[in-house]
2 protein chains.
Amino acid sequence: MKTRVCELSIQLLTTLAVLASASSHVSAQSLDDVQTPSEPLVLKAQGSFYIGGEKVQQTQGELGNLGPGGHITINQMYVRYMVPQAQDSKLPVVMIHGATLTGKTWETTPDGRMGWDEYFVRKGYPVYVPDQVGRGRSGFNQAIFNNVRAGSVPAAKQPELLRFSDEGVWPNFRFGPKPGEPFSDSQFPLAAVDELSKQAVPDMNRGLPTPTPTIKALSDLSAQLKGAVLMGHSQSGSYPLEAALINPAVTKALVLVEPGTCPSYTDEQVKTLASVPLLVVFGDHRNNPTGLPTLPTWQERFERCQALITRLKSADGQAEMLDPLTRGIRGNSHMMMQDKNSLQIADLILQWLTKEVSTSTGAKR
Amino acid sequence: MKTRVCELSIQLLTTLAVLASASSHVSAQSLDDVQTPSEPLVLKAQGSFYIGGEKVQQTQGELGNLGPGGHITINQMYVRYMVPQAQDSKLPVVMIHGATLTGKTWETTPDGRMGWDEYFVRKGYPVYVPDQVGRGRSGFNQAIFNNVRAGSVPAAKQPELLRFSDEGVWPNFRFGPKPGEPFSDSQFPLAAVDELSKQAVPDMNRGLPTPTPTIKALSDLSAQLKGAVLMGHSQSGSYPLEAALINPAVTKALVLVEPGTCPSYTDEQVKTLASVPLLVVFGDHRNNPTGLPTLPTWQERFERCQALITRLKSADGQAEMLDPLTRGIRGNSHMMMQDKNSLQIADLILQWLTKEVSTSTGAKR
């Protein structure tokens, strides 16, 4: 273990020159890096709304002494949507992001290319992008932080606010074997890796109820949409499975992009999940150490998902692993929706949706 | 003071029945409440990016023990944009939200109507909607929270996380004289007031450097856009003025929607600001108590802004107060971008932009 820590320290030292710019300020991305598509985007509708949330009563102190005590809403989930004008009754796709990130994951890539949100809309799918409860424009319960400040709750009870360091991201997201040393075939746009760093915000997940309210909110969103495809990523990779167990009838398909886990479900749960088509997608270099010694490698996670797929198939489910390696596509990272070949991966998912998932009139919009 | 607190308590008690639903769960807004426009929205481009940010080095503990210590980015500003296809070289408009809120302020209204973001795009303006640094999809420095948890920093040093209670919002945002008692002419869509409650998230402003990095980020955004109209609201109402003082050449106009303050600038600052056209907009019922006894009433804030306008005019500036009352428009609240007549107010702002602000080719997109 000591050797491991030492190795990490050496890695951190060697990578500082690569990662830290001379100034402590991150060089501003020029807006000129953001690319304009050649064809206009024609939307029937776009906008945003909230799902769920809980009204609670709090004291003036718990509200940070900004005004009188009273009621606030906590644990609500923000959702932004775009609906294409050229709609042929395709199912809505809900894209939910991973740890320490927000819905930004699916928008413009770090190097300024079109995100999957817009690409799926251009392919005719209404797209709904939430922020997980406790992150981004979705709320959380701040009372414990103010109570700790006031001394009425012990500091140790305060939940940790989670962040990945850029150095931790390199091996874990498999940009390279070590921080600052890219794989020769890496598909991530590494010249813009500082832009990915900017997408990270503090993760309040440890301050949320268990299970996270995001799961019920995803199920409720699917119900309001009268059926949806749920796409998760990383931390949220298992959320679509959990949402499907709540209400399988409105969960029309599940796409898990590098899920952090594929849980060991009971036979009964597997039977329920077998009614919903499932696609799991993993990138390359899965045997790379994650940089987080307590976590399984991505290859181990891949195998757990493969095991779930096998069980679902045994229960007559439509379940498939999309491993780009088997198609000769190499170098994809954990952030494949931002990789240089992100639209190639999107096309493979879209092909699966077309082939395996029946369309539906779904929601009215 | 004691009487005041007692009055507030009575107000809170009387309003509980109105505000708190029988269940503690907020009733989910049906997606059917979200309205679809009759005409499609045709965009040349849409997407998102970050402005600014600072790279700092932190320990594993400061990062919440999720992975190894190292570098992260803090205090970066998220910006979402929509650029209309039918562009006649109109200036980009940057819309920045107020306290405890996010960029959602300008999107779909609580009762499901089109937000000012889309309305301005439909009128030919490229629109850029940031989240303030420390809120929404914009980052902040979480280290002090984890250090307090670990016991290495005293709890009292931890910044307060700010929220407005729904009961505080009613008088302060001037929905009515007291919580749950609307003004008879209120323009706010009060049947959907719980949806406004959901838009509120913890406000980390007290944990940010002073002045807030949002101001420099707004100035940098205007520079990257090669000129922009900066529109602030409430807490951020003075940010456009501050951004203009940093770089007046790229600040093409200022629109302050119910600014929390119009600062007492020096003569030299007024001279600089006089080079930028200014519009200030205030709603109705400005003498209503704010519900926050330490704060000035909105009438007092109106008068401070009127005084700034007078000084700017004396310095040959184009500065104007838009008071809907003088046009016979009554009942507008603090959230006039969400009021039932929100597009009527938007039209008055658009008329002013057309009349007073020269268009520019501005940014390339």
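**Exercise 1. Determine how many residues each chain gives to the contact between chain A and chain B, and how much area is buried there.**

Solution. In this predicted model, the contact, meaning heavy atoms within 4.5 Å, takes 101 residues from chain A and 102 residues from chain B. The size of an interface is often given as the accessible area lost when the parts come together. Here chain A and chain B bury about 8800 Å² between them, with 50% of it on carbon and sulfur atoms; buried area is the accessible area (1.4 Å probe) that two parts lose on being put together, summed over both.

Before going on, note that residues are numbered from 1 along each chain as its sequence is written, and that chains are lettered from A in the order in which they are written. Local features need pLDDT of at least 70 and side-chain atom pairs count only at pLDDT 80 or more, whereas totals for chains, interfaces and linings use all residues, and side-chain values use heavy atoms, with hydrogens and water left out.

**Exercise 2. Work out what turn and what shift lay chain A on chain B.**

Solution. A turn of 180° with a shift of 0.0 Å along the axis lays chain A on chain B with an RMSD of 0.0 Å, the copies being superposed by least squares on the C-alpha atoms of residues with pLDDT of at least 70 in both. That is the relation of a two-fold axis. The same surface serves both copies, since 100% of the contact residues of chain A recur in chain B.

**Exercise 3. Find how many salt bridges cross the interface, and which element gives the largest share of the side of chain A that touches chain B.**

Solution. The rule finds 10 salt bridges across the interface, each a side-chain nitrogen of Lys or Arg within 4 Å of a carboxyl oxygen of Asp or Glu. Among the salt bridges is one between the side chains of A:Arg137 and B:Asp131 (2.8 Å, N to O). Elements of chain A that each supply at least two residues to this side include α1 (2-19), β1 (41-58) and β2 (70-84), helices (H or I, at least four residues) and strands (E, at least two) being DSSP runs numbered from the N terminus. The largest share, 15 residues, comes from β1(A).

**Exercise 4. Decide whether B:Thr108 is buried or exposed, and where it is found.**

Solution. B:Thr108 is found in the loop between β3 (93-95) and α2 (116-122) of chain B. At 7% relative accessibility, B:Thr108 counts as buried (under 20% relative accessible area, with exposed over 50% and partly exposed in between; 1.4 Å probe, protein chains only). The side chain of B:Thr108 reaches the backbone nitrogen of A:Ser48 at 2.9 Å.

Conventions: A polar contact is a pair of N or O atoms within 3.5 Å; within protein, one must be able to donate a hydrogen and the other to accept it, and residues adjacent in sequence count only if both atoms are side-chain atoms.
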